[in-house]
Amino acid sequence: GGADSEVVVRSFAEAGIEIEAAILKFKDDINDHDIQWAIKACKNLNVPYRFYELDLLKFWAEGYQTYSDPTYCISPQLLPTMWLADQIQGYPIMGSGECFLVRTDAPDPQEPARTDYPAADWELYEKEKIAAWYRHFMIRNKEACPGFFQYTPEIILSYLMDHYVRDLCTNKIFGKYSTVSSKLKIYQNHFPSLEERPKYTGYEKVQNEDAALRKILTDMYPETGQIHKTKYHDLVQLLSPPAPGLFHKVRSWFSEL
């Protein structure tokens with residue numbers, strides 16, 4: 001139901017490649033908001049979809065360790081997606097891995113709003129906790145795409161070189177400190193009919209249970225809370241023409257990471 005997932009579905013639909021959407025439905029309509037957006041997108045794009053139902057609170061209470069222990073997962077919200085992937089026949093594709101870019105001087109949200117906007121570097125954040133999805137498929141020996149937006153270096157670079165992203169990362173858009181509030185606009189540059197929607201996954205309704213399990217997992221696997229940061233301009237240098245064998249060089253660079 002989120003914009004990331006819809007971009008994945010739109011990418012395949014516009015390319016004329018058959019795909020079926022797997023919609024995870026929590027008991028008691030916890031995530032009904034996202035489900036309605038997912039159904040709407042599938043109908044608009046003539047993409048078939050199938051529901052997979054899960055009692056989220058029961059899963060968090062009794063079944064989570066089957067997924068958290070082998071993958072060192074510290075996020076309760078990643079675990080149901082692993083369960084969903086196990087239910088799917090075929091090749092699972094997950095709408096994750098989009099570039100998260102942050103200014104190095106991003107203020108603390110608790111501090112008063114700033115009125116100045118000096119030049120600053122931007123960095124690509126890669127969160128180690130997301131690797132739990134990748135470990136899951138490696139352990140299962142199952143072919144999959146856990147991060148559509150990271151699937152190839154070319155996909156990553158196409159995002160980094162979007163004109164709006166370049167304006168962001170060269171501090172031409174006043175007041176922006178990350179790509180969070182700009183992500184939909186960036187997608188709409190390439191998918192104009194993508195509709196704006198409030199982000200409401202349903203996990204907001206079970207914050208207490210989420211926080212309790214998150215503490216358990218974080219205490220068990222503290223090392224997977226790390227973030228790898230790469231300066232945006234270091235990536236752009238790889239794109240500066242003339243660059244013979246560009247994508248080969250970039251692919252090698254990312255593989256080394």
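This report describes a buried leucine and lysine, one pocket and two residues with positive phi in a predicted model.

## Basis of the description

The model is predicted, and local features need pLDDT of at least 70, side-chain atom pairs count only at pLDDT 80 or more, and totals for chains, interfaces and linings use all residues. Residues are numbered from 1 along each chain as its sequence is written, and side-chain values use heavy atoms, with hydrogens and water left out.

## L168 and K176

L168 belongs to helix α8 (residues 163-169); helices (H or I, at least four residues) and strands (E, at least two) are DSSP runs, numbered from the N terminus. Because its relative accessibility is 0%, L168 counts as buried (under 20% relative accessible area, with exposed over 50% and partly exposed in between; 1.4 Å probe, protein chains only). Beyond residues up to four places away in sequence, L168 touches W122, I173, K176, T179, S182 and I186, where contact means heavy atoms within 4.5 Å. Between L168 and V102 the C-alpha to C-alpha distance is 9.6 Å, at a sequence separation of 66 residues.

K176 is located in the loop between α8 and α9. This lysine is buried without a salt bridge, and the nearest side chain of opposite charge, that of E196, is 10 Å away. A salt bridge is a side-chain nitrogen of Lys or Arg within 4 Å of a carboxyl oxygen of Asp or Glu; Lys and Arg count as positive and Asp and Glu as negative, while His and the chain ends are not counted. Neighbours within four places in sequence aside, the contacts of K176 are R103, Y117, W122, Y164, L168, S181 and S182.

## The second largest pocket

The second largest pocket has a volume of about 250 Å³. Of its 14 lining residues, F149, I155, S158, Y159 and H190 are the closest to the centre. Two or more lining residues come from each of α1 (3-14), α7 (153-160) and α9 (183-188), and α7 gives the most, with three. A pocket is an open set of points on a 1 Å grid over the protein atoms alone, where a 1.4 Å probe fits, with protein on both sides within 12 Å along at least five of seven lines; lining residues have an atom within 4 Å of a point. Volume is the space filled by probe spheres set on the points, which are joined across faces, edges and corners.

## Positive phi

Most residues other than glycine have a negative phi. D28, in the loop between β1 (21-26) and α2 (32-45), has a positive phi of about 65°. N141, in the loop between α6 (131-140) and α7, has a phi near 55°. D28 is exposed, with a relative accessible area of 65%, and N141 is exposed, with 72%.
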